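Biologist: I'd like to learn how to read a model like this one, feature by feature. Could you walk me through it?

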Amino acid sequence: MPETLEQYQARVKQRLAELLPIFAHASIGDFNQDVKIPAAADEFTDLYVGLQIMIEVVREQTKQLQTLNQRLEQTLSERTAALYRELEETAKHEAILDSIGEGLIVTDKTTKIILANTRATEILGLKDGAQIKGKVHAQIFHLINEQGQTLPVSEYPLSRALKEGGRIVATDLWYRRPDNTTFPLTITASPVMSGGKIVGAVKVFRDMTIEKNIERSKTEFVLLASHQLRTPVSIIKWYGQLLAKELGERNAKQKQYLVEIDEGTKRMNEVIGTLLDVAQIESGLLKYEPESMSIVPYINRLLEDLGPRIKQKQVKIIKKFAANLPQLQTDPKLLRMVLQNLLTNAIKYMDSGGRITLVIKNLKAGAVFNGKQTAGTSLGISISDNGYGIPPDQQNRIFSKMFRAANVKDKIEGTGIGLFITKSVVDFLGGQIWFDSQVGKGTNFYILLPLRVDAQK
Amino acid sequence: MATTANPKKLLVVEDEPSLLNALTDMFNQEGLKVIQAKDGKTGLELALKDKPDLILLDILLPKKSGLEVLEQLRKDAWGKNAKVILLTNLSDTRTLAYALSYDVHTYLVKSDLDVDFLTKKVKEYLKIK
């Protein structure tokens with residue numbers, strides 16, 4: 001029997017009402033309610049089924065979304081943790097790099113900067129955090145030499161390290177800051193190798209102002225000490241001698257006392273001189289300052305200075321200087337140390353009335369001088385005396401510090417440092433020194449000096 | 001003893017009083033007239049004023065260094081031919097080297113000097129017997 005209108009209306013009302021809870025739940029995001037499909041199929045069945053399918057799809061998708069979300073969150077937290085670790089590492093590396101007291105710059109093979117620590121920008125006087133990465137090294141680094149002249153880029157330690165493939169150290173270069181002030185620095189540059197090829201370079205550098213100031217203080221101290229020590233010695237000596245003159249005729253005792261004063265001051269002078277030489281050498285202050293000089297007037301001058309001593313011991317000086325000796329390129333003050341030491345030794349270690357023979361020869365490369373062969377053109381100098389000589393069993397220690405030969409140790413004052421210094425200086429000047437000696441007959445000291453010593457050592 | 005009729009004038013520029021006096025006594029005894037200067041500024045002034053026959057010039061001096069005195073002396077018409085002997089303690093080798101380029105007769109190392117040697121040298125340069 002067909003439905004009445006009232007029945008139809010009731011049925012529709014009921015069907016729709018059954019759906020209301022589904023929508024109510026859905027509106028709060030709850031899709032867990034299933035749609036109850038009525039047993040009796042009617043016009044609403046398709047709608048009901050469709051709705052249920054939809055709900056199931058939504059449910060499924062929601063689940064998927066949740067899973068996805070979870071996964072995303074997990075990935076995020078993992079990634080975040082990794083990032084933190086990375087940042088921590090980087091911070092540690094940067095901390096390490098930045099806590100190095102030295103500037104560090106790493107460049108690629110084309111000298112473009114790929115890494116620099118904060119100290120580098122600090123030392124270079126660049127603005128805080130100035131981005132020097134990516135810039136060509138020589139654009140940032142303005143190097144000058146000690147005389148203030150700009151250094152060509154090819155001579156930069158970094159450029160040389162890249163080209164020559166070895167470690168380059170430079171301690172005599174200066175840097176000009178953007179504000180035009182300059183300071184000395186020490187630079188060590190090395191190539192960076194990978195797979196046997198040079199892929200870049202790393203450079204470490206340090207402001208040397210403090211060290212240079214210390215060096216200057218040391219020099220000033222030595223000079224001051226020298227002056228302060230030598231002045232009173234001169235005073236005592238001169239007044240002693242003036243007193244001797246004042247007293248005029250004196251008895252043996254007075255004579256002796258005055259001689260003691262004079263001798264005492266001479267010893268003090270020697271010791272002061274030796275101490276200052278050692279102080280200079282040990283504190284590394286001995287700078288090589290070469291000049292072109294003539295040896296003959298120089299030695300004559302030295303002999304003149306030693307006049308009093310020579311006269312007092314009545315030493316006969318014989319000079320055998322070759323004619324037309326060439327100019328010598330060396331440091332005169334260092335040469336003076338050597339010759340003065342050898343001459344004063346010769347005078348000291350002999351009886352009165354002895355003889356000292358000085359020979360200077362010009363030697364071609366490969367020539368033999370008293371048993372030794374020269375490398376390049378050289379000056380050969382020999383100082384021979386007929387003094388006490390050095391016993392054979394003491395000869396191999398004669399150049400060591402604090403050594404004094406047994407046959408003179410108790411007779412004559414000496415600190416034992418003189419020949420040690422002398423040999424150090426001759427070595428420093430690129431020369432050679434040796435000797436031969438016979439007890440009771442005398443000693444011959446020989447020196448070979450290259451005519452030109454170019455490289456600073 | 002040299003005649004004192006027309007004694008040679010010797011200017012001694014030395015800042016250490018004891019040394020200055022010792023030098024003065026030494027040369028007075030030899031009949032020389034000694035002019036004293038305790039610092040570089042006075043030394044230069046007296047040199048140009050009194051025109052001494054010989055100047056003994058210490059290198060390390062207050063007010064004006066021996067080197068400066070020498071520089072300025074050599075710029076003067078009389079001063080450029082003045083006879084100068086430098087006195088040094090060898091603690092100033094660099095300055096000494098510069099000073100020597102200014103045409104001095106010689107330099108003497110104070111601590112090595114004997115009174116006799118010094119007076120002999122000075123008389124040599126003054127051409128006195």
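Modeller: Sure, let's begin with burial: buried means under 20% relative accessible area, exposed over 50%, and partly exposed in between, with a 1.4 Å probe and protein chains only. Helices (H or I, at least four residues) and strands (E, at least two) are DSSP runs, numbered from the N terminus. Strand E1 (residues 103-108) of chain A has five of its six residues buried, so the rest of the structure largely encloses it.

Biologist: Before we go on, what kind of model is this, and how are things labelled?

Modeller: It's a predicted model, where local features need pLDDT of at least 70 and side-chain atom pairs count only at pLDDT 80 or more, while totals for chains, interfaces and linings use all residues. Residues are numbered from 1 along each chain as its sequence is written, chains are lettered from A and ligands numbered from 1 in the order in which they are written, and side-chain values use heavy atoms, with hydrogens and water left out.

Biologist: Which strands does E1(A) pair with in the antiparallel sense?

Modeller: Two strands pair if DSSP finds at least two bridges between them. E1(A) pairs antiparallel with strand E6 (residues 197-207) of chain A over six bridges, and with strand E2 (residues 113-116) of chain A over three. Take A:Thr107: its bridge partner in E6(A) is A:Ala201, and in E2(A) it stands opposite A:Ile113. The E1(A)-E2(A) hairpin has four residues between the strands, and A:Thr111 there takes a positive phi near 65°.

Biologist: In what order do the five strands of the open sheet in chain A run?

Modeller: The order is E8-E10-E13-E15-E14, with mixed pairing. Strands E8 (316-321) and E14 (432-438) of chain A are at the edges with a single partner strand each, so one side of each has no neighbour in the sheet. From one strand to the next, the twist averages 10°; axes are lines fitted to C-alpha atoms, for helices over the stretch in contact, and angles run from 0 to 180 degrees between N-to-C directions.

Biologist: Which helix packs on E8, E10 and E13 of chain A?

Modeller: Contact means heavy atoms within 4.5 Å. By that rule helix H8 (residues 295-305) of chain A touches E8, E10 and E13 of chain A, and its direction makes about 175° with that of E8(A). Helix H12 (residues 418-428) of chain A lies across E14 and strand E15 (442-450) of chain A, at about 140° to E14(A).

Biologist: Now chain B. What pattern does it follow along the sequence?

Modeller: Chain B reads β-α-β-α-β-α-β-α-β-α, which comes to five helices and five strands. Of its 129 residues, 54% are buried.

Biologist: Why is helix H5 (residues 115-125) of chain B called largely enclosed?

Modeller: Eight of its 11 residues are buried, so the rest of the structure largely encloses it. Among them are B:Val115, B:Phe117 and B:Tyr125. After H5(B) comes B:Lys127, with a positive phi near 55°.

Biologist: And how do I read the interface?

Modeller: Interface size is often given as the accessible area lost when the parts come together. Here buried area is that loss with a 1.4 Å probe, summed over both parts. Between chain B and chain A it is about 2,600 Å², with carbon and sulfur atoms giving 51%. In terms of contacts, 28 residues of chain B meet 27 residues of chain A.

Biologist: How many salt bridges cross the interface of chain B and chain A?

Modeller: The rule (a side-chain nitrogen of Lys or Arg within 4 Å of a carboxyl oxygen of Asp or Glu) finds three salt bridges there. A:Lys245 forms a salt bridge with B:Asp116, and their closest N and O atoms are 3.2 Å apart.

How values were computed: Buried area is the accessible area (1.4 Å probe) that two parts lose on being put together, summed over both.
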